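Open the model in a viewer and keep the sequence panel beside it. The stops below say what to select next and what is there.

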Amino acid sequence: MRKTVEFIEDRIKWRASQHNLPNKTVFLFENLTDEVKMKYLNHFDEKDSGKIILLFTDSKNNWTALGTKRIIGYDGTKLNSVKLDAIEDVDSKNRKEYFEKAEAGETKLKKIKKRNERELLVTEFDGKETIFITKKGSDLFSLWNIMIMITRLNK
């Protein structure tokens, strides 16, 4: 079943509200001024990305935008994007690496400090992995939860 743009937008906004978003570093894109929107829209085409709903900022150089068709990120040097319907899994980059090391017996399991996490690892069905950057801590895990919801919608 193909979900409408409006349905996806509503679900993203609903899940964001469950995580107290927007906040000081996460914005509803529609509420930004035209001047600020253009700063980001110059990097990608909304026809390809869908309507941009949320903008996660870490600094002037690092940001992640979530649209109704794609997640787009800029890490200060290059632009990355992944189609939402191509996503198989999402995780924190450090968390994934940590559990892989623990499974290999290279480290002992201990509690991960979520407040230090800032890199969301998105894995596509073809195995390609892409990193998206947010502010450390709750912003990353809010985006993570939103992305998990999206992957479930696409199944």
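**Stop 1: the main core**

In this predicted model, start with the largest nonpolar core, which has 27 residues. Select I12, L54, L66, I71, L120, I146 and M147, the members with the most contacts inside this core. Then colour by secondary structure: the elements that give two or more residues to the core are α1, β1, β2, β6 (87-92), β7 (119-124) and α5. Of these, α5 supplies the largest share, 9 residues. As general background, nonpolar side chains in soluble globular proteins tend to be buried together.

Now centre on M147. Which residues is M147 in contact with, leaving aside its neighbours within four places in sequence? They are L66, I71, L84, I87, V90 and L120.

Before leaving, select L32, I52, W63 and Y74. These residues are included in a second, separate core of 11 residues.

**Stop 2: helix α5**

Select residues 138-153, which make up helix α5. Pick the end C-alpha atoms and read the distance: they are 23 Å apart. At 1.5 Å a residue, the 16 residues should span 22 Å, so the model agrees with the expected length.

Next, colour α5 by accessibility. How many of the 16 residues of α5 are buried? The number is 12, so α5 is mostly covered, given that buried means under 20% relative accessible area. The buried set is D139, L140, F141, S142, L143, W144, I146, M147, M149, I150, T151 and L153. Note that I146 and M147, selected at the previous stop for their contacts in the core, are both in this set.

**Stop 3: the sheet**

Show the strands as a cartoon. An open sheet is formed by 5 strands in the order β1-β2-β3-β4-β5, with antiparallel pairing. At the edges are β1 and β5 (79-83), each of which pairs on one side only. From one strand to the next, the twist averages 15 degrees.

Bring α5 back into view. The helix packs on the sheet and touches β1, β2, β3 (62-67) and β4. The direction of α5 makes about 25 degrees with that of β3.

Go to the β1 edge. Strands β1 and β2 run antiparallel and are joined by 3 bridges. Select L28 to find L54 of β2 standing opposite; L54 is one of the core residues from the first stop.

At the other edge, β4 and β5 also run antiparallel, joined by 5 bridges. Here I71 stands opposite V82 in β5. The two strands form a hairpin with 3 residues between them. In the turn, select G76, which has a positive phi of about 95 degrees.

Follow the side chains along β5, where they alternate. Which of them point to one face and are buried? These are N80 and V82, while L79, S81 and K83 point to the other face and are not buried.

**Stop 4: salt bridges**

Turn to the charged side chains. The whole structure holds 6 salt bridges, and three of them are visited here. In general, side chains of opposite charge can pair when their charged atoms come close.

Select E9 and K51. Their side chains meet in a salt bridge, 2.9 Å from N to O. The partners are 42 residues apart and link distant parts of the chain: E9 lies in helix α1 (residues 5-18), and K51 lies in the loop between α3 (46-49) and β2 (52-57). E9 counts as buried because its relative accessibility is 9%, whereas K51, at 34%, counts as partly exposed.

Stay on α1 and select K13 with E30. The closest N and O atoms of this salt bridge are 3.1 Å apart. E30 sits 17 residues from K13, in the loop between β1 (26-28) and α2 (34-41). K13 is partly exposed at 25%, and E30 is partly exposed at 39%.

Finish with R70 and D48, whose side chains form a salt bridge of 2.9 Å, N to O. R70 is in strand β4 (residues 70-75) and D48 is in helix α3, 22 residues apart. R70 is buried, with a relative accessible area of 13%, while D48 is partly exposed at 41%.

Last, select E9, K13, E30 and K51 together: salt bridges that share partners join them into one network.

Technical notes
Residues are numbered from 1 along each chain as its sequence is written. This is a predicted model: local features need pLDDT of at least 70, side-chain atom pairs count only at pLDDT 80 or more; totals for chains, interfaces and linings use all residues. Side-chain values use heavy atoms; hydrogens and water are left out. A salt bridge is a side-chain nitrogen of Lys or Arg within 4 Å of a carboxyl oxygen of Asp or Glu. Helices (H or I, at least four residues) and strands (E, at least two) are DSSP runs, numbered from the N terminus. Buried means under 20% relative accessible area, exposed over 50%, partly exposed in between (1.4 Å probe, protein chains only). The expected span of a helix is 1.5 Å times one less than its number of residues. A nonpolar core is a set of buried Ala, Val, Leu, Ile, Met, Phe, Trp, Tyr and Cys residues joined through side-chain atoms within 4.5 Å. Contact means heavy atoms within 4.5 Å. Two strands pair if DSSP finds at least two bridges between them. Axes are lines fitted to C-alpha atoms, for helices over the stretch in contact, and angles run from 0 to 180 degrees between N-to-C directions.
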